[in-house]
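Student: Could you take one part of this predicted model and go through it closely, strand by strand? I would like a connected account rather than a list.

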Protein chains: 2
Amino acid sequence: MSEHTQVKMTEMNYDADRPAAENPVKIMDLSLRDGHQSLFATRGRTEDMIPVAELMDEVGFWAVETWGGATFDTMHRFLNEDPWERIRTLKRYFKKTPFSMLLRAQNLVGYRNYADDLAEAFVERAAENGMDIFRTFDALNDYRNFETVVKGIKKAGKHFQGCICYTMTEPRLGGDVYNLDYFINKAKDLESMGADSICIKDMAGLIAPYDAYNLIKALKENVKAPIHLHSHFTSGMSPMSHLKAIEAGVDIIDTCMTPYAYRTSHAAIEPLVMTLIGTNRDTGFNIRKLAEINEIFEKEIMPKYKHLLDDSKVSIIDINVLLHQTPGGMLSNLVNQLREMDALDKIGEVYKELPRVRRDLGQIPLVTPTSQIVGIQTVNNVLFDDENERYKMITGQVKDLCYGLYGKTAVPINADVQKKALKGYARGEEPITCRPAEVLEPELEKAKEEIGDLAKDIDDQVLYAIYPVTGKKFLKWKYGVETPPKEVLPRTMEDVKKDDELVKKA
Amino acid sequence: MSEHTQVKMTEMNYDADRPAAENPVKIMDLSLRDGHQSLFATRGRTEDMIPVAELMDEVGFWAVETWGGATFDTMHRFLNEDPWERIRTLKRYFKKTPFSMLLRAQNLVGYRNYADDLAEAFVERAAENGMDIFRTFDALNDYRNFETVVKGIKKAGKHFQGCICYTMTEPRLGGDVYNLDYFINKAKDLESMGADSICIKDMAGLIAPYDAYNLIKALKENVKAPIHLHSHFTSGMSPMSHLKAIEAGVDIIDTCMTPYAYRTSHAAIEPLVMTLIGTNRDTGFNIRKLAEINEIFEKEIMPKYKHLLDDSKVSIIDINVLLHQTPGGMLSNLVNQLREMDALDKIGEVYKELPRVRRDLGQIPLVTPTSQIVGIQTVNNVLFDDENERYKMITGQVKDLCYGLYGKTAVPINADVQKKALKGYARGEEPITCRPAEVLEPELEKAKEEIGDLAKDIDDQVLYAIYPVTGKKFLKWKYGVETPPKEVLPRTMEDVKKDDELVKKA
Ligand SMILES: [Co+2]
Ligand SMILES: [Co+2]
């Protein structure tokens with residue numbers, strides 16, 4: 001580790017308007033999307049973003065992530081909020097800072113592959129409503145699943161950020177599958193698709209500091225597009241990984257404002273700003289301005305969301321990530337599943353079976369939805385298999401995966417498992433090798449017909465097409481056909497006070 | 001920053017019994033002292049340390065901090081526990097790992113300078129009861145306050161760790177007072193006093209990563225004793241500062257087990273273990289063993305302490321540290337003080353006055369008790385001064401400081417302030433320049449007489465001498481003269497369940 005030459009000490013200057021550094025680290029703020037998705041069940045409301053929006057616009061962020069991921073779903077389902085309206089509303093306050101969204105490639109903002117016509121319409125509408133940067137990822141890193149949306153992003157003249165999901169088979173970067181070459185090749189693939197920037201998407205907080213250093217260094221040597229690091233705090237390594245990535249020359253880092261930071265979210269921006277002052281990578285941010293924003297968040301916004309924080313443990317990191325190289329939530333889901341089936345004593349077997357199932361299924365990354373696919377099948381194997389037969393109960397999702405519906409796996413799926421899974425499978429016993437969406441029929445026109453007049457414009461129609469059941473319900477609330485239930489109303493400061501008093505009395 | 005040559009990649013080996021690294025980073029675990037002092041108001045009970053003690057003894061820590069700081073006070077005052085007994089009890093479970101204590105130099109484990117005879121007796125008894133490493137600090141970094149206790153430590157053949165309190169007058173390392181030379185000179189002073197190791201004691205989490213790098217590098221070049229870094233997480237910088245300190249060649253790092261980590265405590269050990277695997281500084285620790293300990297802590301111990309966590313904010317870092325270079329607790333104390341006086345609108349003036357008062361008082365480090373001394377005088381100045389007169393209300397502690405009772409300040413005290421403070425001061429108007437304890441009369445024999453037969457041995461007598469009021473009360477509980485009140489009884493898992501049910505009903 002003898003060449004940390006990317007960070008050089010310069011002159012110390014603490015002024016808010018100090019001259020710009022030679023090569024400032026660019027920062028994307030995630031508070032308004034991944035922040036509340038990680039800590040508060042994606043329940044952040046637009047009205048609770050407005051009080052800080054103009055101040056945040058002044059910080060100098062490279063971008064703010066405001067949309068996509070689970071927000072589209074939770075907004076219309078649980079918050080009685082029109083997802084499209086959030087972009088337009090926030091755009092009125094953020095006059096300078098570009099918006100970024102998390103796009104699940106062909107899954108858009110849902111949980112299955114949608115047909116190309118719907119994917120095209122979705123991207124067009126997101127761009128039209130004000131989205132600037134489309135951070136695009138696929139759970140299998142199969143970039144054929146990018147093709148349709150990237151065409152749309154490019155057509156709209158917007159920024160295409162291509163993600164490589166960071167995953168491992170060993171405790172650290174390396175091994176036969178997810179080694180340095182894998183990531184370099186993926187980055188080259190993205191560059192040849194026209195990526196305006198490339199993101200290492202470390203959903204689980206797996207990337208260790210020196211691996212981040214080596215990886216970013218290799219990427220900077222092999223591709224020209226700016227490199228962006230997204231690494232959750234979950235394992236506790238990310239502040240160190242951020243710094244080593246910066247020392248390797250990373251261009252952009254993801255952070256959150258302090259109240260939305262740490263735990264399963266991301267490291268905070270403020271310590272990093274202080275760290276880089278006096279170097280050629282100084283962010284140039286004014287810490288006092290950040291403090292002002294935090295104070296508003298803490299005083300006016302956090303009381304409404306605090307009850308959503310997971311306080312089941314005192315620890316704010318999850319070292320299972322370090323032990324099993326799995327996303328934080330995945331193992332607790334498995335534990336809950338076993339508990340429900342009164343089989344918690346099998347947890348040891350589950351830990352052993354999990355890497356075997358993952359290997360059988362082509363060493364796929366463990367990320368939504370693949371972590372669930374591998375997890376549930378693992379539990380099934382432990383509960384139902386015997387010495388004579390493995391994979392006695394194969395889930396529908398595993399069958400879809402074996403058929404090729406999610407895309408190409410990192411290594412080939414175990415041939416026996418695949419054959420067994422596809423025996424009598426409705427779409428056919430022979431797996432496909434084409435781009436998955438090619439086997440899907442167009443679906444937007446049919447959706448338009450179904451929803452009819454309840455949808456007043458194309459945004460309504462796309463919403464319904466992606467989420468037919470909850471989308472329809474939402475449109476009824478939106479247009480006064482039905483009264484929204486109490487559960488979707490915002491929690492007010494009045495509610496907070498009432499609850500606090502009740503607890504105090506207890 | 002081009003010479004990060006101290007960390008070299010070696011071979012990856014994930015085995016629990018992998019060969020030792022060339023120069024392993026040594027780790028001191030603070031969970032059982034600073035961990036619960038920082039997070040749970042120092043309320044950790046011996047009975048809640050025993051379930052993990054034998055497992056912790058197997059980890060391979062350089063030492064475990066088990067005693068000193070505020071524990072001596074809280075144990076006898078709030079927990080009805082004999083402080084001396086904790087050392088002896090834990091020693092039966094920790095058979096290999098040395099014990100470390102935090103010793104406030106001539107303040108021992110209290111809040112004032114004690115006379116030399118008492119200091120000698122205290123150190124002798126601590127060593128006799130099982131203490132191995134005496135981490136010694138003085139709020140003013142005036143090492144004349146070390147003289148008596150160091151003599152005792154050396155006489156007992158124990159490890160003398162000398163601390164340099166890390167403090168700043170600028171947002172980062174540097175300026176006229178607390179610059180690199182200051183710390184190098186202090187380290188040389190400690191070495192010439194016979195320090196077996198030297199600790200940078202960053203109580204407030206002020207040290208920034210590249211400052212840690214430069215400081216540790218300079219210390220390694222200038223002194224031979226092992227260098228130890230103690231940096232609280234409070235500002236969010238410490239995980240990065242740890243790593244840069246390691247890259248500069250630091251010998252020992254302080255961490256906590258995960259449930260006692262982060263917030264105003266220290267970064268956790270587990271992410272650091274994973275980070276260093278495959279390098280010449282690998283700790284050699286087995287993460288699975290650490291996970292096992294954490295699970296016991298979370299399941300059996302944390303439920304009893306959780307209610308003591310400060311949950312007034314969602315943020316787990318305090319960026320005031322970055323804005324004002326003051327310990328996290330200091331500013332919230334000031335805010336509370338102003339609120340009680342219905343003068344919260346003066347907080348801006350307090351922020352401005354604070355560095356002026358600190359300068360007047362000799363740019364002393366801000367650490368217990370000097371942070372309180374500076375803080376209260378600042379509030380007094382803001383509330384009572386007018387354009388005609390400054391320092392209208394000088395506190396008794398400021399008078400003592402001006403007299404020289406705490407020791408020598410970093411720069412001379414403002415002569416006018418000093419003169420005003422000492423006008424009519426009982427001990428005399430002329431400040432002393434000698435070692436502060438030299439003006440103190442011996443006090444142990446007098447204390448022995450006072451407490452008489454209620455003290456059964458020298459440990460009881462020393463306890464009483466340090467804490468006469470609460471010490472006497474404790475001895476009455478200890479020997480059945482009085483019944484301890486309900487408040488000092490331990491919180492049981494039964495209590496936890498009852499409280500949880502009440503809150504659920506609310
Ligand atoms: Co994320
Ligand atoms: Co401490």
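Tutor: In chain B of this predicted model, strand β2 (residues 63-68) runs parallel to β3(B), and four bridges pair the two. Within that pairing, B:Trp67 has B:Met101 of β3(B) as its bridge partner. Strand β3(B) is also joined to strand β4 (residues 133-136) of chain B, again in the parallel sense and through four bridges, and here B:Leu103 is matched with B:Thr136 of β4(B).

The burial of β3(B) can be followed residue by residue. In a regular strand, side chains alternate between the two faces of the sheet. On one side of β3(B) lie B:Phe99, B:Met101 and B:Leu103, on the other B:Ser100 and B:Leu102, and all of these are buried, which leaves both faces covered. Because five of the five residues of β3(B), spanning residues 99-103, are buried, the strand is largely enclosed by the rest of the structure.

Chain A can be read in a similar way, beginning from its strand β2 (residues 63-68), which is mostly covered, with six of its six residues buried. This strand pairs in the parallel sense with strand β1 (residues 26-29) of chain A over two bridges, and with strand β3 (residues 99-103) of chain A, also in the parallel sense, over four bridges. A:Val64 takes part in both pairings, being the bridge partner of A:Asp29 and standing opposite A:Phe99 in β3(A).

Notes
Residues numbered from 1 in each chain as written. Chains lettered and ligands numbered in written order. Predicted model: local features only at pLDDT ≥ 70, side-chain atom pairs only at ≥ 80, totals over all residues. Heavy atoms only, no water. Buried < 20%, exposed > 50% of the residue type's maximum accessible area, 1.4 Å probe, protein only. Pairing = 2+ DSSP bridges.
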